[in-house]
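Reader: I've got a structure open on my screen and no idea how to read it. Could you walk me through it?

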Amino acid sequence: MGLKEEFEEHAAKAKTLPQTTTNENLLILYGLFKQATIGPVNTSRPGMFSMKERAKWDAWKAVEGKSKDEAMSDYITKIKQLLEEAAASA
(Lines give C-alpha, C1' and ligand atoms only; values in the text may rest on other atoms or scores of the structure.)
Protein backbone atom coordinates (compact mmCIF):
# COMPACT_ATOMS: atom_id res chain seq x y z
CA MET A 1 0.00 0.00 0.00
CA GLY A 2 1.36 3.40 -0.94
CA LEU A 3 1.67 6.35 1.41
CA LYS A 4 -1.31 8.15 -0.15
CA GLU A 5 -3.59 5.12 0.24
CA GLU A 6 -2.48 4.61 3.85
CA PHE A 7 -3.02 8.32 4.51
CA GLU A 8 -6.57 8.14 3.13
CA GLU A 9 -7.29 5.03 5.19
CA HIS A 10 -6.13 6.77 8.38
CA ALA A 11 -8.05 9.92 7.48
CA ALA A 12 -11.18 7.74 7.51
CA LYS A 13 -10.11 6.22 10.86
CA ALA A 14 -9.72 9.74 12.27
CA LYS A 15 -13.51 10.01 12.21
CA THR A 16 -13.66 7.18 14.77
CA LEU A 17 -11.51 8.96 17.36
CA PRO A 18 -13.25 9.27 20.74
CA GLN A 19 -14.96 12.48 21.83
CA THR A 20 -12.35 12.72 24.58
CA THR A 21 -9.56 13.48 22.06
CA THR A 22 -8.00 16.76 23.18
CA ASN A 23 -8.28 19.94 21.15
CA GLU A 24 -4.48 20.06 21.07
CA ASN A 25 -4.33 16.65 19.36
CA LEU A 26 -7.16 17.56 16.99
CA LEU A 27 -5.31 20.74 15.99
CA ILE A 28 -2.12 18.76 15.33
CA LEU A 29 -4.10 16.41 13.09
CA TYR A 30 -5.76 19.34 11.32
CA GLY A 31 -2.43 21.03 10.59
CA LEU A 32 -0.84 17.83 9.30
CA PHE A 33 -3.90 17.01 7.16
CA LYS A 34 -3.94 20.45 5.56
CA GLN A 35 -0.19 20.35 4.94
CA ALA A 36 -0.47 16.86 3.41
CA THR A 37 -3.40 17.70 1.15
CA ILE A 38 -2.89 21.38 0.26
CA GLY A 39 0.69 22.24 1.16
CA PRO A 40 1.87 25.48 2.79
CA VAL A 41 -0.67 27.90 4.24
CA ASN A 42 -2.34 29.81 1.41
CA THR A 43 -4.63 32.14 3.35
CA SER A 44 -4.13 35.08 5.68
CA ARG A 45 -4.45 34.58 9.44
CA PRO A 46 -8.03 34.98 10.72
CA GLY A 47 -8.81 37.89 13.02
CA MET A 48 -8.59 37.62 16.78
CA PHE A 49 -12.36 37.23 17.16
CA SER A 50 -12.31 34.02 15.10
CA MET A 51 -10.53 32.03 17.79
CA LYS A 52 -11.33 28.56 16.45
CA GLU A 53 -10.32 29.43 12.87
CA ARG A 54 -7.21 31.20 14.13
CA ALA A 55 -6.14 28.14 16.17
CA LYS A 56 -6.63 25.91 13.12
CA TRP A 57 -4.62 28.30 10.95
CA ASP A 58 -1.82 28.41 13.56
CA ALA A 59 -1.72 24.58 13.69
CA TRP A 60 -1.35 24.46 9.92
CA LYS A 61 1.31 27.20 9.93
CA ALA A 62 3.28 25.28 12.59
CA VAL A 63 3.93 22.39 10.16
CA GLU A 64 4.48 24.54 7.07
CA GLY A 65 8.08 23.37 6.55
CA LYS A 66 7.11 19.71 6.12
CA SER A 67 6.83 18.10 2.71
CA LYS A 68 3.46 16.59 1.79
CA ASP A 69 4.86 13.07 2.23
CA GLU A 70 6.36 13.95 5.62
CA ALA A 71 3.03 15.45 6.75
CA MET A 72 1.15 12.33 5.57
CA SER A 73 3.55 10.08 7.47
CA ASP A 74 3.30 12.17 10.66
CA TYR A 75 -0.51 12.22 10.34
CA ILE A 76 -0.64 8.41 10.08
CA THR A 77 1.66 8.05 13.09
CA LYS A 78 -0.46 10.46 15.17
CA ILE A 79 -3.73 8.67 14.28
CA LYS A 80 -2.21 5.30 15.23
CA GLN A 81 -1.00 6.76 18.55
CA LEU A 82 -4.40 8.26 19.40
CA LEU A 83 -6.27 5.06 18.47
CA GLU A 84 -3.89 2.99 20.63
CA GLU A 85 -4.38 5.36 23.57
CA ALA A 86 -8.15 5.19 23.13
CA ALA A 87 -8.06 1.37 23.05
CA ALA A 88 -5.85 1.23 26.15
CA SER A 89 -8.17 3.46 28.16
CA ALA A 90 -11.37 1.71 27.03
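**Helices, contacts and a core**

Author: Sure, let's start with a pair of helices: H2 and H4 cross in a left-handed way. Helices here are DSSP runs (H or I, at least four residues; strands are E, at least two), numbered from the N terminus. A crossing is left-handed if the near helix is turned anticlockwise from the far one by less than a right angle, and right-handed if clockwise.

Reader: Before we go on, what kind of model is this?

Author: It's a predicted model, where local features need pLDDT of at least 70 and side-chain atom pairs count only at pLDDT 80 or more, while totals for chains, interfaces and linings use all residues. Residues are numbered from 1 along each chain as its sequence is written, and side-chain values use heavy atoms, leaving out hydrogens and water.

Reader: Back to that pair, then. At what angle do the axes of H2 and H4 cross?

Author: An axis is a line fitted to C-alpha atoms, for helices over the stretch in contact, and angles run from 0 to 180 degrees between N-to-C directions. The axes of H2 (residues 23-37) and H4 (residues 68-89) cross at roughly 150° and come within 8 Å. That makes H2 roughly antiparallel to H4; the cut-offs are under 35 degrees for roughly parallel, over 145 for roughly antiparallel, 65 to 115 for roughly perpendicular, and oblique for the rest.

Reader: Which residues make the contact?

Author: Contact means heavy atoms within 4.5 Å. On the H2 side you'll find, among them, Ile28, Leu29, Leu32 and Phe33, and H4 brings residues including Met72, Tyr75, Ile79 and Leu82. The contact of H2 with H4 divides into 10 nonpolar, three polar and three charged residues (Ala, Val, Leu, Ile, Met, Phe, Trp, Tyr, Cys and Pro count as nonpolar, Asp, Glu, Lys and Arg as charged, and the others, Gly among them, as polar).

Reader: How do H1 and H4 pack?

Author: Their axes are 9 Å apart, at an angle of about 40°, and that makes H1 oblique to H4. H1 passes H4 in a left-handed crossing. Phe7, His10 and Ala11 are among the H1 residues in this contact, and Tyr75, Ile76 and Ile79 are among those of H4.

Reader: Is His10 buried or exposed?

Author: Buried means under 20% relative accessible area, exposed over 50%, and partly exposed in between (1.4 Å probe, protein chains only). His10 sits in helix H1 (residues 3-14) and has 4% relative accessibility, so it counts as buried. Setting aside neighbours within four places in sequence, His10 touches Tyr75, Ile76, Ile79 and Lys80.

Reader: And where is Val41?

Author: Val41 lies in the loop between H2 and helix H3 (51-62). With a relative accessible area of 15%, Val41 is buried. Beyond its neighbours within four places in sequence, Val41 is in contact with Trp57, Trp60, Lys61 and Glu64.

Reader: Which residues touch the most other members of the largest nonpolar core?

Author: In soluble globular proteins, nonpolar side chains tend to be buried together. A nonpolar core is a set of buried Ala, Val, Leu, Ile, Met, Phe, Trp, Tyr and Cys residues joined through side-chain atoms within 4.5 Å. Here the largest one has 14 residues, and Phe7, Leu17, Leu29, Leu32, Ala36, Tyr75 and Ile79 touch the most other members. H1, H2 and H4 are the elements giving two or more residues to this core, with the largest share, six residues, coming from H4.
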